[in-house]
Structure formats: structure tokens, C-alpha cells
Amino acid sequence: MAAIGMMVCSISHDMRHSLSAIYANAEFLERHDICASTRNDLLLEIREAVLGMAERIDSLLQFSNSGRNPLVPESISFVLEKAVAAVKSHPDGRNVSISVGNVPPAEAEIDASNLESALYNLLLNGCQAATCSTQVPEVKVHVTEVDEQIYITISDNGPGIPSHVRRTLFIPFVTAGKPNGTGLGLTLARRIAEQHGGSLRLVESNPGKTEFTLSLMKNGPLPLDDLKIDRAEFEACSNRSANCS
């Protein structure tokens, strides 16, 4: 119950913030003395607020879905291309260079939609971090195939993840100060990796380079009983529920 209370607190706060921005901008749009450029900026802010709300709702729905979709043979390259294209259309990814190295022509038994979602979250996180870089913002993707496993590594040249934040990276609903996040992106990405018999881990994080690696088996998903979020995660989440009061 404490975890649910924390979720409600987090989502209601974020939704209220977005709705307030939409309402304020809508009021400005009623004025007849604003120029076309200002009007376009207000409309863009409304669209971004709506997009953010939709993403948070999608994350919650995905988090609450404990089932597994059928796994079918699919090209990893195709799924990765779709995730990259989606991130490039996001406001936080438009001005970030995303380079993808040579991708082996590997196929795997996957849930393409969920895997794309996991890669999207990792890529978007990388873009958001890279925009804080002192250099040209950049995200790099490398895919390697070793025996029956596929490794997808995503790195950015942002400032790095503070050490005190790393301990809570995969705890649901912990946003570590992210303005409009649900704290579910990495939690969901790790769950999806585990559904494919793999894992998600932070390889390194230093100023100028943060690197995550998502691994998956070509044909070796884990049993459903092993896909539940660790009890420790929810206990840690519950301990933080007091912040909602």
C-alpha cells in the first residue's frame, strides 16, 4: 500500500504540473495581442506537456502488466531502428547526435514492442543526460553477439550519474530529481531484459561517459516467477513513501 501511495503521489504531482502548464498556455492563446511566434511557442509547450503525460500513463500501464506477450523471431536491428527514430522525434532527442555502430544481422525470440520500449527509455535517458554535456551532446549505440547472447550498449557523454543516485537507479517511482519522470524507465527496461533471459546493468558512469548494457538471450526467457520486482525494491520504495505526505 505504501508503494501505491507513493505512486499516486508522484503521478498526481506530475499530472498537476503538466495540466497547470496547459491551462496557463491555453489562457494566453485566447489573447489577440500575441505574435505568431509566441503563439507557436505556446502550442509547442502544450504538445510537449501532453506527450509527457501520455508517456507517464504508458509507463504505469506497462509497469502494472505482469504478463508476458508471445515471443516471436524478430531482427534486433529493426527494433533498434524504431527506438532510435522514436527518440529522435522526442523534444529531448532532437538536438542530440545518436550514432549506431555496425549491428550484426541477429534475430532473437523477442517481444518486439516491449524491447523497443526498453531501448527507447535507455536512449531517451542518454539524450537527456547528453544535453548537459560540455561537449556536443552525443549518444552511441553498439550491438554485439556472443554465442546465444546479444548485448546492446548505450552510452552518453553527459556529466555522469551521482554516486548517491546509483543506489536507487532501478527502484520504481524514485526519480532522483528528474523534473517530469515517473521513476519507472530503468525499472521497466530491466524487467523487459529479464523477460528475455538477460539483464540491464550500469557499466560505468563518469563525467563525459555513462554506459548501460542490456543483454538478452536469443532464445532463453526466464520463468515468470523470476520476473517479479525484487522485494528489496518495494521495501526501499515503501521507506520513501513518507515523502508523499
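The paragraphs below look at the packing of two helices and then at the nonpolar cores.

This is a predicted model, in which local features need pLDDT of at least 70 and side-chain atom pairs count only at pLDDT 80 or more, while totals for chains, interfaces and linings use all residues. Residues are numbered from 1 along each chain as its sequence is written, and side-chain values use heavy atoms, with hydrogens and water left out.

Helix α4 (residues 112–130) packs against helix α6 (residues 185–195) at an angle of about 140°, their axes lying 9 Å apart; helices here are DSSP runs of H or I with at least four residues, strands runs of E with at least two, numbered from the N terminus, and axes are lines fitted to C-alpha atoms over the stretch in contact, with angles from 0 to 180 degrees between N-to-C directions. α4 is therefore oblique to α6, a word for angles that are not under 35 degrees (roughly parallel), over 145 (roughly antiparallel) or 65 to 115 (roughly perpendicular). Residues in contact (heavy atoms within 4.5 Å) include Leu 115 and Ala 118 of α4 and Leu 186 and Ile 192 of α6.

The largest nonpolar core, a set of buried (under 20% relative accessible area, 1.4 Å probe, protein chains only) Ala, Val, Leu, Ile, Met, Phe, Trp, Tyr and Cys residues joined through side-chain atoms within 4.5 Å, has 38 residues, of which Leu 123, Ile 152, Leu 200 and Leu 216 touch the most other members. α4 gives the most to this core, with 9 residues. A second, separate core of 8 residues includes Met 15, Ile 22, Ile 34 and Leu 42.

Key:
Buried means under 20% relative accessible area, exposed over 50%, partly exposed in between (1.4 Å probe, protein chains only).
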